[in-house]
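Here is a short walk through one protein model, written for someone who likes to have the structure open while reading. Take a look at it first, and then we can go through its parts together.

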Amino acid sequence: MCELFGLSASQAVTLEDTLCAFRRRGGLAADNPDGWGLAWQENGAFSLAKEPLPAHESALFGRLCATTRSNLMIAHVRKARLPPVNTVDNTHPFRRQCCDREWVFAHNGLVPDIVAMERANSDPVCRPDGETDSEYAFCHLLSHISRYLQASPAASGCIAYPAVAVISELIASHGKFNFLMSDGEHLIAYGHDRLHYLEQSGPDARTQIATEPLSGHEGWTPFAPGELRIYRAGRSVARMLTRPS
């Protein structure tokens, strides 16, 4: 049911072996054949590449595994569920502008109720380009972040993350909701029931997040159920526990 990969690092790095292992999860080593996407920070903005075809067959993804150098990445391989339609618009990650920042988001799980919930939103920050519950959930999150910041003009983006925990718990109560999100500075990871992290400390700090531990690495640690973890430049800056359903 889809898989996620994320990176936060103190400096730009290449992760060819890790990205290649994740690429194989897209229809070869795991049953996620319905699209892939990679967002990475480059020159102060996100670059985004995605295709509605199996990751392990994609020549473009293969080239990006070898050449992408960044300190912040979010990647996704898709198992199409809602809807079971392969299009670019339904392929993660999704990208939006909100609160003077550029955000990217990718999801693992199924939260069908969020579609009606967000359609009922009378003051949305964004409307999905595709049909997935995941993109509706992204817009729902951004709407809550925007409202929180409008109600707290002195708040910084970092102070909005308790609001992310609250709305993440709410959405997770309607199904399964594991996600990676970034505002271009932080990597935000919510593990409702299926996510792992691998931290490397020191001057070259880096943290990797993956749905399942990737080959060639030991030391992956599972998220606690309902755990929200936030990283900046490879280091943990916040950790919160919600009450998952």
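What follows covers the sheet, the helices beside it, the nonpolar cores and one loop residue.

Please keep in mind that this is a predicted model.

**The open sheet**

A good place to begin is the open sheet, which has 7 strands in the order 3-2-4-1-10-9-11 and antiparallel pairing. Its edges are strand 3 (45–51) and strand 11 (221–222); each has a single partner strand, so one side of each is left without a neighbour in the sheet. As general background, strands of a sheet pair through backbone hydrogen bonds, either parallel or antiparallel.

Strand 2 is worth a closer look. Strand 2 (residues 36–42) runs antiparallel to strand 4 (residues 70–77), and 5 bridges join the two. On its other pairing, with strand 3, there are 7 bridges, again antiparallel. How enclosed is strand 2 by the rest of the structure? Of its 7 residues, 6 are buried, so strand 2 is largely enclosed.

Some of the individual bridge partners are set out here.

| Residue in strand 2 | Partner residue | Partner strand |
|---|---|---|
| Glycine 37 | Histidine 76 | Strand 4 |
| Glycine 37 | Lysine 50 | Strand 3 |
| Alanine 39 | Isoleucine 74 | Strand 4 |

Strand 2 and strand 3 form a hairpin with 2 residues between the strands, and there asparagine 43 takes a positive phi near 55 degrees.

**Two helices on the sheet**

Helix 1 (residues 16–24) packs on the sheet, where it touches strand 1 (3–13), strand 4 and strand 10 (206–210). The direction of helix 1 makes about 170 degrees with that of strand 1. Helix 2 (residues 59–67) also packs on the sheet, touching strand 2 and strand 3, and its direction makes about 35 degrees with that of strand 2.

These helices also meet one another. The axes of helix 1 and helix 2 come within 8 Å and cross at roughly 155 degrees. An angle over 145 degrees counts as roughly antiparallel, and helix 1 and helix 2 are therefore roughly antiparallel to each other. Helix 1 brings Glu16, Leu19, Cys20, Phe22 and Arg23 to the contact, while helix 2 brings Ala59, Phe61, Gly62, Leu64, Cys65 and Ala66. Sorted by class, the contact has 8 nonpolar, 1 polar and 2 charged residues.

**The nonpolar cores**

Which residues have the most contacts inside the largest nonpolar core? They are Leu141, Val164, Phe177, Phe179, Met181 and Ile188, in a core of 30 residues. Elements giving two or more residues to this core include strand 6 (101–110), helix 5 (161–172), strand 7 (176–182) and strand 8 (186–191). Helix 4 gives the most, with 8 residues.

Leaving out residues up to four places away in sequence, isoleucine 188 touches Trp103, Tyr161, Val164, Phe179, Leu180, Met181, Leu228, Arg229 and Ile230. Apart from this core lies another, of 22 residues, with Met73, Leu198, Ala210 and Trp220 among them.

**A loop residue**

Finally, threonine 87 lies in the loop between strand 4 and strand 5. Threonine 87 is partly exposed, with a relative accessible area of 27%. From C-alpha to C-alpha, threonine 87 and arginine 119 are 21 Å apart in space, and they are 32 residues apart in sequence.

Key. Residues are numbered from 1 along each chain as its sequence is written. This is a predicted model: local features need pLDDT of at least 70, side-chain atom pairs count only at pLDDT 80 or more; totals for chains, interfaces and linings use all residues. Side-chain values use heavy atoms; hydrogens and water are left out. A nonpolar core is a set of buried Ala, Val, Leu, Ile, Met, Phe, Trp, Tyr and Cys residues joined through side-chain atoms within 4.5 Å. Buried means under 20% relative accessible area, exposed over 50%, partly exposed in between (1.4 Å probe, protein chains only). Helices (H or I, at least four residues) and strands (E, at least two) are DSSP runs, numbered from the N terminus. Contact means heavy atoms within 4.5 Å. Two strands pair if DSSP finds at least two bridges between them. Axes are lines fitted to C-alpha atoms, for helices over the stretch in contact, and angles run from 0 to 180 degrees between N-to-C directions. Angles under 35 degrees count as roughly parallel, over 145 as roughly antiparallel, 65 to 115 as roughly perpendicular and the rest as oblique. Ala, Val, Leu, Ile, Met, Phe, Trp, Tyr, Cys and Pro count as nonpolar, Asp, Glu, Lys and Arg as charged, and the others, Gly among them, as polar.
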